[in-house]
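Let's take a tour of a protein model together. Have the sequence and the 3D view ready, and feel free to pause and look around as you read.

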Amino acid sequence: MDNRYIVIHAHMYQPPRENPWLEAIETQDSASPYHDWNERVSAECYAANAHARILDDKGRISRIVNNYKDISFNFGPTLLSWMEEFSRPVYEAVIEADRTSRERHSGHGNAIAQCYNHMIMPLASSRDKVTQVAWGIEDFRRRFSRDPEGMWLPETAVDTETLEALAGQGIKFTILSPGQAHHVKAPWQDDWTHVDENSIDTTMPYLIRLPSGAQIAAFFYNGPVSRAIAFEGLLKSGVLMAERLAQIFTGEQRPQLAHIATDGESYGHHSRFGDMALAYCVHHIRKNNLAKVANYGEFLEKHPPQWEVRIKDNTSWSCFHGVERWRSDCGCSTGGHPEWNQKWRAPLRKALDWLSGRLAEVFEKRGKDIFKDPWQARDRYIEVVLERAEERVLKFLESHALKKQNMADRGVEALRLLEMQRHAMLMFTSCGWFFDDIAGIEALQVLQYACRALQLCRELTGEDFEGHFLQILTKAQSNVKESGDGAGIYNAQVKVKTIDLGKVAVHYAISSLFEDYARQHRLYCYDVTRLDYETLVSGPGAASPEGDGEDRLAAGRINVRSRITWEDGKENGGSGIWQFAVLKKRGHEIVCVLSAGGPAKEYEYFKKAVKEMAGGERLFSGRTDLEVLKPGVKKFAYGIYTMRDLFLDEQRKVLEAVVSETLEESMIHYAQIYERARVLMGLLKDFRAPIPKPFLVAAEMSLVRQIANALREETVDMQKTAVLREELKKWGLELDAGLEPVLRERLKSLFASLREKGRAADLKALRGLVRFTSTLPFPVNLWAAQNGYWELGRSLYKKGGQGKREQEKEWSEEFRGLGEDLHFSGEAVRRFQS
């Protein structure tokens, strides 16, 4: 088997979903119960593959493995950026996997790079091609601490110019679909042989000689097996997957590579338990010596290409018509709405191409007065995107400045130009065309990037390209009648999301009623400095910021500064100061008035007038919000706002606080009702008389809450929990899945405590809680608990590091028992302790 190699490649990607003005992903209800689709797919796939289970023949966990150590993979740079902040353990598992794979594969890592934001490269401008490759390489270097050998092309979409961009920046190979090969030539032949997806030999790499004289290697993955994994259910069995991979090999006695490529989301998100099938597939390959599990870089070094290939320009792996899926109604779609058309794709592409051209002209014209080479500055701007510390940004700007000039003064202009170009590339993210309608969240996302680029251009030059842009979009008709055309969708669902410094100030003002902000506060990608803030409230205890149902009035004076462009409102002679007053009335009505600038004297007059209008130390409930803020309505001309003007996540947070407040009051009443009715309920039960439903509801609410509180206590009292549950059962009631998140979080915290302190008491509490979950009428997700147990076992019982605990018989027995309760095999537990 020395000449047989298997490589499994997973393309891990999610489109950038950040709000362009906040640089953060807002709540996406379609991803419920998760906050957004990144979080959901990460849980179902990326995290699952970092801790994939291999089961024994009894269905118990034999081991937990990091699949990334055994497969070739690429992660989209924008996805890794999100993971670094919001899914850190998975991010670290990915980085560690590449480091481990380099040790296993002669210095070649499993990770390869990707063009930055998944732009369809054959449809990109020449300049965008170069920048997309440059940004993808630099992002990879920063994360994996090495240069990438290979690069994934979005949708494997390829043309010769794209390959020139890759080779010109040091990329050694890429991965293509077998249908993208056109002609091949053996080293002993002079003539080229035509091939297609069925006739090309995918078990070897090929050399592509480019017009410039450069060259790059290409691996053409096996199409049938890749399709079987992605679409035909092969992931139902890891053994069958391994056997299908082994069947790729031919009878020839030469080095052969059996390799497949799919969306990485197949392994867990699209196919449930696909991560486990993948893990068992690799296990089966090794156990039965079917081949050596390798990666592309290692194979390429050992067995460089002998054959040459010519590709089909303007082709991809997900469109039968080349790259038409991203510019025309070619017939390729997700199939979710077979009666719909995709005629909207062409005008959307035309509008963005036109806008990109105009923005490039502005960038070049304005940029040549600031930068030595505007396009080179753009190519290197990824350094700023990856690290926005102000000293680093200033150093970057000075290194690219045309001449010695004060970049601290011209920084806003320079950063607006570069950000305009960043968004001009983000607006070409492929998902904007891939799905079924221009009113879908993916198309809306690319339109948001376009809107932000247009805004930056207006702020820079005063030029407004929006009119002609929208004129083109009127040709993009939605399949949903109510949505109208692209221009209407843009105005109704995109432009309304536009944010400026004033809207950030509004958000701060309203949310200050519920948040206790420090003098310096970071609000998304903005820094807010409080110059003055004064609160007038009524009712006892109303000084608390947590939302107490009382009237509240606040006035403030702040400065807002963008961390991205450094703008702070002082441009063009502005004061950079925002003044506001905000009122919360009983019933949760909120109104805010805001103005830009104004002398401090005027602000002090305003505060005094509002206080007097409010009635000194108490707000008169008979007065309307606008009556109380009448001085603000006159003086503060910027606008009048309500809770609807909060950013989405803060809106939800405030609503949650309001709901929690009301729920807390309700729970107190339920407890009181149950306490009063408890004896009567017992009497009714003794006489076999029906218990009124309101009593039962009060009993359930009160007892379940007590159980949840008992589980949250620092020391879990399982006896108390059991007694309360028996009382619940006494009334014919039972716990439901609403308690599952509480149990899951408690298990997590107990494992954290056990890792830190190693106390036998924590181990017993853990085991008791796990056993408790097995008696419940609903499933509890033990995935994180199982991971915690596996990592704890590896750290405590690693060779030579057993320490004192291994000698403590009671501790060891409890640990073994906990493993069995968490569905680990006896072999797995013994492996730790042997």
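Here is a short report that goes from the whole protein to single residues.

## The whole protein

Keep in mind from the start that this is a predicted model. The protein has 834 residues, and a compact globule with that many would have a radius of gyration near 28 Å. The value for this protein is 31 Å, which agrees with that expectation. If you follow the C-alpha trace along its principal axes, it spans about 95 × 75 × 55 Å.

As you turn the model, you can look for 31 helices and 20 strands. Distant parts of the sequence meet here: among contacts between residues at least 6 apart in sequence, 69% join residues at least 24 apart.

## Inside and outside

How much of the protein counts as buried? The share is 55% of the 834 residues. The protein exposes about 36,600 Å², and 50% of this area is supplied by carbon and sulfur atoms.

Charges are worth a look too. There are 112 positive and 117 negative side chains, and the centres of these two sets lie 2 Å apart.

## A six-stranded open sheet

Now find the open sheet made of six strands, which come in the order E7-E11-E10-E14-E8-E9 with mixed pairing. Strand E7 (173–176) and strand E9 (193–194) stand at the edges. Each of these two has a single partner strand, so one side of each is left without a neighbour in the sheet.

At the E9 end, strand E8 (residues 181–185) runs antiparallel to E9, and two bridges join them. To see the pairing up close, find Val184, which stands opposite Thr193 in E9.

## Strands E17, E18 and E19

Further along the chain, E17 and E18 pair in the antiparallel sense over seven bridges. One pair to look for is Ile558 and its bridge partner in E18, Trp578. E18 also pairs with strand E19 (residues 589–596), again in the antiparallel sense, over eight bridges. Here Lys584 has Ile590 in E19 as its bridge partner.

In a regular strand, side chains alternate between the two faces of the sheet. Which residues of E18 lie on each side? Trp578, Phe580, Val582 and Lys584 are on one side, while Gln579, Ala581, Leu583 and Lys585 are on the other. Both faces are covered, and all of these residues are buried. That fits the count for strand E18 (residues 578–585), where eight of its eight residues are buried.

## A close look at Val560

Val560 is found in strand E17 (residues 552–562). Is Val560 buried or exposed? Its relative accessibility is 0%, so Val560 counts as buried.

Leaving out residues up to four places away in sequence, Val560 touches ten residues' worth of names you can click through, including Leu501, Val504, Tyr526, Val528 and Trp578. Val560 and Leu523 are 37 residues apart along the chain, and their C-alpha atoms are separated by 9.3 Å.

## A helix residue: Thr78

For a last stop, go to helix H2 (residues 77–86), where you will find Thr78. At 11% relative accessibility, Thr78 falls under the 20% cut-off, so Thr78 counts as buried.

Which residues is Thr78 in contact with, leaving aside its neighbours within four places in sequence? They are Gln14, Pro16 and Tyr116.

Key
Residues are numbered from 1 along each chain as its sequence is written. This is a predicted model: local features need pLDDT of at least 70, side-chain atom pairs count only at pLDDT 80 or more; totals for chains, interfaces and linings use all residues. Side-chain values use heavy atoms; hydrogens and water are left out. Helices (H or I, at least four residues) and strands (E, at least two) are DSSP runs, numbered from the N terminus. The radius of gyration is taken over C-alpha atoms; the globule rule is 2.2 Å times the number of residues to the power 0.38. Buried means under 20% relative accessible area, exposed over 50%, partly exposed in between (1.4 Å probe, protein chains only). Contact means heavy atoms within 4.5 Å. Accessible areas come from the Shrake-Rupley method with a 1.4 Å probe; for residues, only the protein chains shown count as cover. Lys and Arg count as positive and Asp and Glu as negative; His and the chain ends are not counted. The place of a charge is taken as NZ of Lys, CZ of Arg, CG of Asp or CD of Glu. Two strands pair if DSSP finds at least two bridges between them.
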